[in-house]
Amino acid sequence: MKFFEILDVDKIEKKEEKRTCALGYFDGIHIAHRKIIESAVEKAKKENKISVLITFLNSPKNYIKNQNIKIVTPNKLKKRIIENLGIEELYFLEFNDKLKKLKKEEFVNKVLKKLNIKDVFCGEDYKFGYMGEGTPMYIKENHKEINVNILNIEKIEENKISTSLQKKYILSGEVENYKKITQRYYQISGIVVRGKQLGRTIGFPTANLKVTDYIIPQKNGVYLTVVEYNDRLYKGITNIGYNPTVSADNNLSIETHILNFDEDIYDKEINIYFYKYIREEKKFNDMNELKKQLNIDKKVAEKEEIDFNKIF
């Protein structure tokens, strides 16, 4: 996949080959987003066009409201997912003052037409241009040379499948429901840092994760996870919480015991995929009680049959 980071829409190069495009912010890339992207890829293949996805480098809502709300899918992960879905060219447009003031007609001319977009796939609630004036119907009615495909809103159990629903599932620890609306496991990435190393004293060394860009579940406790390190996958037991048995401070930690693993991974990046919630965080009377419970958790993880081929 070719990747283009566009800081100035006027710098977009004019293209000659015909393209089919998926349009949207695609934070979360849930099944409704996937349908848009996969439809664009399929049509491009059928008609020998280049499949393109155009999105934003940064959150328009955060920019306009001067906020710093964490997005569901950071750009590094978003690129990986989009590439796996078969997109050939990915355009990240920086949302800045110039793009904010760009009128709907200018967006069509400076972005879609310069890239020679002949087909557009988007959701019915997609908007573009200054103050969100542009809609899919605007393109359909005013630019007949662009074939517009508008996909309906998807629902699950009467709930609109949306980024807001994804965030709700993440924060409440409903990682299995997250999987239902995305077709993948919720993932966080971070650098392994040194902790108190008390787990080693009872045979359960843990990787302490420093996470900056991801939303962390607010449902504290132990999760069965899959850990990706150095292109290999392992089962893990991940605790999110405050370690009440061994710590009196209020510092949230993310610690993972990786099964069948014995490597020094300090300062290395690992990916953690949340498979299911196991139990609430508890305060034990001593380290021996904690060790007994961790052995129970480990047995739960060992018994679970996980198809590593279906993690991504």
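**Close-up views of charged and polar pairs**

**View 1. K35 and E154 join their side chains in a salt bridge, with N and O 3.1 Å apart.** This is a predicted model, so please read each distance here as a computed value. The bridge ties together distant parts of the chain, since its two residues lie 119 positions apart. K35 belongs to helix α1, which covers residues 31–46, while E154 sits in the loop between β6 (147–151) and β7 (155–156). Both partners can be found at partly exposed positions: K35 has a relative accessible area of 41%, and E154 has 22%.

**View 2. Within helix α1, E42 and K46 are about one helical turn from each other.** The two residues are 4 positions apart in the helix, and they form a salt bridge whose closest N and O atoms are separated by 3.7 Å. Is each partner buried or exposed? E42 is partly exposed, at 47% relative accessible area. K46 counts as exposed, with a value of 67%.

**View 3. A salt bridge connects E304 with K276.** Here the closest N and O atoms are 3.4 Å apart. Once again, distant parts of the chain are linked, this time across 28 residues. E304 lies in the segment after α9 (287–303), and K276 is part of strand β14, residues 269–279. E304 is partly exposed at 22% relative accessibility, and K276 is also partly exposed, at 24%.

**View 4. Four charged residues share a network of salt bridges.** Which residues take part in this network? They are D8, D10, K98 and K110. For the wider picture, the model holds 17 salt bridges in total.

**View 5. N239, in strand β12, makes a polar contact with E281.** The strand runs through residues 232–241. N239 has a relative accessibility of 15%, and it counts as buried because that value is under the 20% cut-off. The polar contact joins the side chain of N239 to the side chain of E281, at 3.2 Å. What else surrounds N239, leaving aside neighbours within four places in sequence? Besides E281, the residues in contact with N239 are G221, V222, S253, I254 and E255.

Methods: Residues are numbered from 1 along each chain as its sequence is written. This is a predicted model: local features need pLDDT of at least 70, side-chain atom pairs count only at pLDDT 80 or more; totals for chains, interfaces and linings use all residues. Side-chain values use heavy atoms; hydrogens and water are left out. Buried means under 20% relative accessible area, exposed over 50%, partly exposed in between (1.4 Å probe, protein chains only). A polar contact is a pair of N or O atoms within 3.5 Å; within protein, one must be able to donate a hydrogen and the other to accept it, and residues adjacent in sequence count only if both atoms are side-chain atoms. Contact means heavy atoms within 4.5 Å.
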